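This report introduces a protein structure to a reader who has not met it before. The sequence and the structure are shown first, and the description follows.

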Amino acid sequence: MYGFINTCLKSLVVEKYGEETWEKLRLQAGVQDSFLTFEVYKDEITMQLIDKACKILGVPADMVLREFGEYFFEFCKRSGYDHMLRTLGGNLYEFIENLDALHSYLSLSYQEMNAPSFRVEKNEDGSMHLHYYSDRRGLCHIVPGIIGAAALDFFNIELSMEIVNQTEEEERTGKKEHIVFLVTQNPVFSYKERNEFSSSPQYVAESQDLEKAKNTVRDRGSSVCPVKKSHWKTVRGIITLGRGKLLRGFDPVYPKSLWIDTKTFCNGLPFHMVFDKELRVKQAGVSIQKIVPGLQNMGICLDHYFSIVHPEVPFTISSIQKFINSQFVFQTRREMMPESWKQRPMLELRGQMIWMESLQCMLYLCSPLLRTLHELEERQMHIADIAPHDVTRDLILLNQQRLAEMELSNQLERKKEELRILSKHLEEEKKKTEALLYAMLPQHVANQLKEGKRVEAGEFKECTILFSDVVTFTNICAQCEPIQIVLMLNSMYLRFDRLTTVHDVYKVETIGDAYMVVGGVPVPVSTHAERVANFALGMIIAAKGVQNPVSGNPIQIRVGIHTGPVLAGVVGEKMPRYCLFGDTVNIASRMESHGVPSKIHLSSSAYQCLKYKNFEMTERGEIEVKGKGKMHTYFLIRNKTATENEIMGMPMKDLDSGHESVQSIQEGRTETIPGRTQPEKDQTPAIAMKYTDGPTDEQNSLKRRNQAKIADLTGSYLVTI
């Protein structure tokens, strides 16, 4: 089938059931998203789409096909075939009778089209028998949809179509499905039409006459003499003066004898043949004799020199009479052509069959079926071989232009499809680029830079900064291969990155084994200290799952936390970085470097922020801090109210149902940042921790867009050596 059919099916699903249904349908059917109008596709694609549509929508196949038939008619009208369809016939019988002629015309453009055939018979009670022939089985229910929609639209008739017979007939090309529909017509009058009819002068006059007749019956004593029309009024109602043509009927007049001689007839109709019931040729036009020299021997069997291409029926008089109203396409047989002509393409003839009852012969009035001047040249024919009155001359020239326009349209359609695919790929690459950019800078900062705006540095009066490193990392590096170090750090950082999403802290930087995060930057929140503290507790637990490549034991990390003010902003142009500046960064780094393995070292300011927040802490006392002198510090032990699973963001088991559920807090807020590093597929899904005094809605909106991962932070914070 051509892509036009599949495009129509897609349009139906999208229009009535939505884009998501079409996407699900095409994925299950395993087909592409769009189809080119003039491209030929396998029938299996359409069949697969219809089959999956029935399953997804839960609708029987006959209903889906009928709905598709109704929509196909409207789709054809919207695609520019409206005028062509309307002019097929003045009533439903003529419309159906000329469907084969329409398909024959369309085959000039859609040369690979394999259209069904239709034959219609009138019954005495006004009903019709519609015969439908098709190579494709199982699609017969489309016919009531198409014919019913056309009858209602063009002729204001509602149809009832019932299958009365269904058989398979052995044809020249194999078995063909033959369906017979009983078609019953019911005229439809709209409310407006009924009002117009009831108010028409004729209806009013008839009503008045009827009322007078009733009054006459009531008044038996009075006599009413009907008014008699004058003779001339009667004549004027029948005959148009001066023309002599009857208006109420037409009876053709035939001459007593045919006023044309045999030679003139064969020259004037150069493409015609007359043959009897045994298919013996009795007469042939001069041009067809020139193309098929064997026809000069009268009495030869026609089926020896020609085969029927359309409709696909056996070459017998009875089969031809069944399709007497269809256009017949004959093709010359190569084996019967002269030896020097066998390299030429075979000629096809298209025309009408007329049964001559008095002679018991069939007349085939035809013309050569040629689409372009190139096909004319291939058969070594000329325009002069076609009679001047034959519209085939004009058809060849006009169709030459039409095919060129179709080729141009096809090319444009292909380019459009290529652009659509490129646009889709570009959108995917854009998302990847944005994800990479948002991994380097906070999203609102990155968006400002993309728009060419200057990002002003911001001062944060209070935030909490965390540093961590791996104990004896230098020794480990000295005793391992580089790839082992990379694998170890990657395993550790994946776990830490997941925890940043769980506790909603901002990852600032990694330098070697050092990991830096901050709470309250770039979006200020009042719970920055609790977030970072819970993150630190999670780091200690997560580090136990990372193996030391030297000893094989879990690695140990030191963690330092400090709370204070910072200045944050973007530095650089080629590789812009979101950096933190201030003494708070230095002290946080010193808390880490002066810490104890597997311990979380707190400054006094961090301790004060966590003092009344349900955390267990112990005093370390005063220690000498390089560059800072003596400082009073503490160790963070645990969170008194949160379980280890909550700290790690692991799913909890619902004790009642036994199903996994994600812990949430009703009285607080849960914030997650889309775009943050997500856990691997084989890792445990994360949950969001609860923080009762979360940020404002405006801050939440901004925070959900923030994420950063900087490749190198050399010079971005001040550290006293």
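Which residue of strand 10 does Leu 349 stand opposite? The partner of Leu 349 in strand 10 is Pro 368. The model in which this pairing is found is a predicted one.

**The six-stranded sheet**

Strand 9, residues 348-356, and strand 10, residues 361-368, are antiparallel partners joined over eight bridges. Both belong to an open sheet of six strands, arranged in the order 6-5-10-9-8-7 with antiparallel pairing. At the edges are strand 6 (281-284) and strand 7 (306-310), each of which pairs on one side only. From one strand to the next, the twist averages 30°.

The loop between strand 9 and strand 10 holds Gln 360. Although Gln 360 is not a glycine, its phi is positive, at about 55°. Gln 360 counts as partly exposed because its relative accessibility is 27%, which lies between the limits of 20% for buried and 50% for exposed.

**A hairpin and the loop that follows helix 21**

Strand 14 (residues 557-571) and strand 15 (residues 577-581) run antiparallel and are joined by five bridges. Within this pairing, Ala 568 has Leu 580 of strand 15 as its bridge partner. The two strands, strand 14 and strand 15, make a hairpin in which five residues separate them. In the turn, Gly 572 has a positive phi of about 90°.

Ser 598 is found in the loop between helix 21 (583-593) and strand 16 (600-602). The phi of Ser 598 is near 65°, again a positive value in a residue that is not glycine. With a relative accessible area of 34%, Ser 598 is partly exposed.

**Unusual backbone geometry**

Most residues other than glycine have a negative phi, and most peptide bonds are trans. Against that background, two cis peptide bonds are listed here with their omega values.

| Cis peptide bond | Omega |
|---|---|
| His 310 to Pro 311 | about -10° |
| Val 521 to Pro 522 | about 5° |

Pro 311 lies in the loop that runs between strand 7 and helix 14 (317-322). Pro 522 lies in the loop between strand 13 (514-519) and helix 20 (528-543).

**The nonpolar cores**

The largest nonpolar core contains 60 residues. Those with the most contacts inside this core are Leu 49, Leu 92, Phe 95, Ile 96, Leu 130, Ile 147 and Phe 181. Helix 4 (residues 61-86) supplies the largest share of the core, namely 10 residues. A second core, separate from the largest one, has 43 residues and includes Tyr 493, Tyr 515, Phe 535 and Met 617.

Which residues does Leu 92 contact, when its neighbours within four places in sequence are left aside? They are Met 128, Ile 147, Ala 151, Phe 155, Leu 159, Val 183 and Gln 185.

**Helix 3**

Leu 49 also appears among the buried residues of helix 3, which are Ile 45, Thr 46, Leu 49, Ile 50, Lys 52, Ala 53 and Cys 54. These buried residues pack against helix 1 (3-17), helix 2 (19-29) and helix 4. Helix 3 itself covers residues 43-57, a run of 15 residues. From its first C-alpha to its last, helix 3 reaches 21 Å, close to the 21 Å expected at 1.5 Å a residue. Just after helix 3 comes Gly 58, whose phi is positive at about 65°.

**Cysteines and an exposed leucine**

How many disulfides does a search of the whole structure find? The search finds zero disulfides. Cys 8 is in no disulfide, and the nearest cysteine sulfur, belonging to Cys 76, is 6.6 Å away, whereas a disulfide requires the two sulfur atoms to be within 2.5 Å.

Is Cys 8 buried or exposed? Cys 8 is buried, because its relative accessible area is 0%, and buried means under 20%. Cys 301, by contrast, counts as partly exposed at 25% relative accessibility.

Leu 398 is part of helix 16 (residues 392-440). Leu 398 has a relative accessible area of 57% and is therefore exposed, the limit being over 50%. Between Leu 398 and Arg 371 there are 9.1 Å in space, C-alpha to C-alpha, although the two are 27 residues apart in sequence.

Notes: Residues numbered from 1 in each chain as written. Predicted model: local features only at pLDDT ≥ 70, side-chain atom pairs only at ≥ 80, totals over all residues. Heavy atoms only, no water. Core = buried A, V, L, I, M, F, W, Y, C linked by side-chain atoms within 4.5 Å. Buried < 20%, exposed > 50% of the residue type's maximum accessible area, 1.4 Å probe, protein only. Helix = DSSP H or I, 4+ residues; strand = E, 2+ residues; numbered from the N terminus. Contact = heavy atoms within 4.5 Å. Pairing = 2+ DSSP bridges. Expected span 1.5 Å × (residues − 1). Axes fitted to C-alpha atoms, helices over the stretch in contact; angles between N-to-C directions.
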